[in-house]
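Colleague: Could we go through this model together? I should like to begin with one buried residue and work outwards from there.

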Amino acid sequence: MRTPDALLNKIAAIPGMESGSRRLILLLTQLGDFDSTEYAQALVPMLPRIKDAGIKLRAFAIGNQQGANRFCDYTGFPQDDLTVEPNADLHRACGLYAGLNSGAGPWPDMLLMCAGIGSPGTLAEVLRGYRGDRNAPQRFDNSLFRLAGGDGFQRPFELATVRLNNMVEVLGRWRDYVPDDRFMAQRGGTFLLESDDSLLYVHRDKGILGFSETMNRPLNYLEPYLSIKSNT
């Protein structure tokens with residue numbers, strides 16, 4: 001698989017991201033998007049393993065530096081590994097889904113996508129957050145959720161609570177996270193590059209809450225590459 005030239009040109013200008021080692025490149029959506037926040041929250045606990053495997057990390061997100069500062073404070077994502085883009089040019093040059101374009105504007109498009117229109121898999125993923133998932137890890141060590149079903153898996157309403165907390169955070173600081181509404185529908189992608197710039201793995205999001213092929217364990221794609229350290 002070929003890495004998009006636009007992505008290679010972008011990371012070539014970043015010290016340490018040149019060829020010669022494996023690199024995990026995330027093209028996040030708007031900093032205030034469900035997917036960006038949830039992806040970062042899933043990734044942060046894995047950062048030591050990613051570093052130990054010799055994989056270098058860089059994320060690009062649509063927003064500005066003020067939003068990036070808040071995003072990193074809230075999620076724990078390392079600021080040194082996040083670059084903000086003022087628009088969706090990089091995303092579109094890498095062949096990522098621009099989202100629904102009904103002609104009605106970004107807010108109606110976003111609401112329609114949240115309802116599953118032009119956003120396959122979104123409604124099923126929302127419902128999973130409410131009903132629970134025995135194939136996903138638990139998110140809270142909380143007696144309330146324990147009473148709802150036990151321990152060791154994602155209990156009913158557990159993921160929905162995570163998403164509600166994220167929504168409260170973003171809506172309370174909306175213009176920090178989303179300075180330009182025009183790119184609200186834009187979806188992201190994941191690119192794992194080999195040391196020679198070839199693609200080991202790619203995922204292009206098809207809709208909201210679709211940043212992984214395996215949303216119950218969104219970082220499963222990384223597991224084969226974490227056991228052996230790449231060449232540096």
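Modeller: Certainly. This is a predicted model. Leu209 has a relative accessibility of 5%, so it counts as buried. Leu209 is located in the segment that follows β5 (199–204).

Colleague: What is the phi of Leu209?

Modeller: The phi of Leu209 is positive, near 60°, and the residue is not a glycine. Most residues other than glycine have a negative phi.

Colleague: Which residue in the loop between α8 and α9 has a positive phi?

Modeller: That is Phe157, with a positive phi of about 70°, and it is not a glycine either. Phe157 sits in the loop that links α8 (143–147) to α9. A glycine can be added here: Gly132, which follows α7, has a positive phi near 90°.

Colleague: Let us turn to α7, then. At what angle do α7 and α9 pack?

Modeller: Helix α7 (residues 122–131) packs against helix α9 (residues 158–172) at about 110°, and their axes are 4 Å apart. An angle from 65 to 115 degrees counts as roughly perpendicular, and α7 and α9 are therefore roughly perpendicular to each other.

Colleague: Which residues make that contact?

Modeller: Helix α7 contributes Glu125, Val126, Arg128, Gly129 and Tyr130, while Glu158, Leu159, Ala160 and Arg163 come from α9. Sorted by class, this contact has four nonpolar, four charged and one polar residue.

Colleague: Which residues of α7 are buried, and which are exposed?

Modeller: Thr122, Glu125, Arg128 and Gly129 are buried. Those residues span an arc of only 120° around the axis, so they lie on the same side of α7. Leu127 and Arg131, on the other side of α7, are exposed.

Colleague: What covers the buried residues of α7?

Modeller: The cover includes α6 and α9.

Colleague: New topic: the interior. Which residues touch the most other members of the largest nonpolar core?

Modeller: Leu24 and Leu43 do, in a core of 41 residues. Elements giving two or more residues to this core include the strands β1 (23–30), β2 (56–62) and β3 (82–85), and the helices α2 (34–43), α6 (106–114) and α10 (174–177). As a general remark, nonpolar side chains in soluble globular proteins tend to be buried together.

Colleague: What is Leu24 in contact with, apart from its neighbours in sequence?

Modeller: With neighbours within four places set aside, the contacts of Leu24 include Leu43, Ile50, Ile55, Leu57, Phe191, Leu192, Tyr221 and Leu222. Lys56, Arg58 and Thr190 are also among them.

Colleague: And which residues does the second core include?

Modeller: The second core is separate and has 14 residues, including Leu27, Phe60, Leu90 and Cys94.

Colleague: What about His91: is it buried or exposed?

Modeller: His91 has a relative accessibility of 0%, so it counts as buried. His91 is part of helix α5. Not counting residues up to four places away in sequence, His91 touches Leu27, Leu28, Thr29, Phe60, Ile62, Leu96, Gln186, Arg187 and Gly188.

Colleague: One last residue. Where does Ser102 lie, and what is it in contact with?

Modeller: Ser102 lies in the loop between α5 (89–93) and α6. At 40% relative accessibility, Ser102 counts as partly exposed. Beyond neighbours within four places in sequence, Ser102 is in contact with Asp109 and Leu112.

Colleague: How far apart are Ser102 and Leu159?

Modeller: Their C-alpha atoms are 30 Å apart in space, and Ser102 and Leu159 are 57 residues apart in sequence.

Note on methods: Residues numbered from 1 in each chain as written. Predicted model: local features only at pLDDT ≥ 70, side-chain atom pairs only at ≥ 80, totals over all residues. Heavy atoms only, no water. Axes fitted to C-alpha atoms, helices over the stretch in contact; angles between N-to-C directions. Parallel < 35°, antiparallel > 145°, perpendicular 65-115°, else oblique. Contact = heavy atoms within 4.5 Å. Nonpolar A, V, L, I, M, F, W, Y, C, P; charged D, E, K, R; others polar. Core = buried A, V, L, I, M, F, W, Y, C linked by side-chain atoms within 4.5 Å. Buried < 20%, exposed > 50% of the residue type's maximum accessible area, 1.4 Å probe, protein only. Arc of directions from axis to C-beta.
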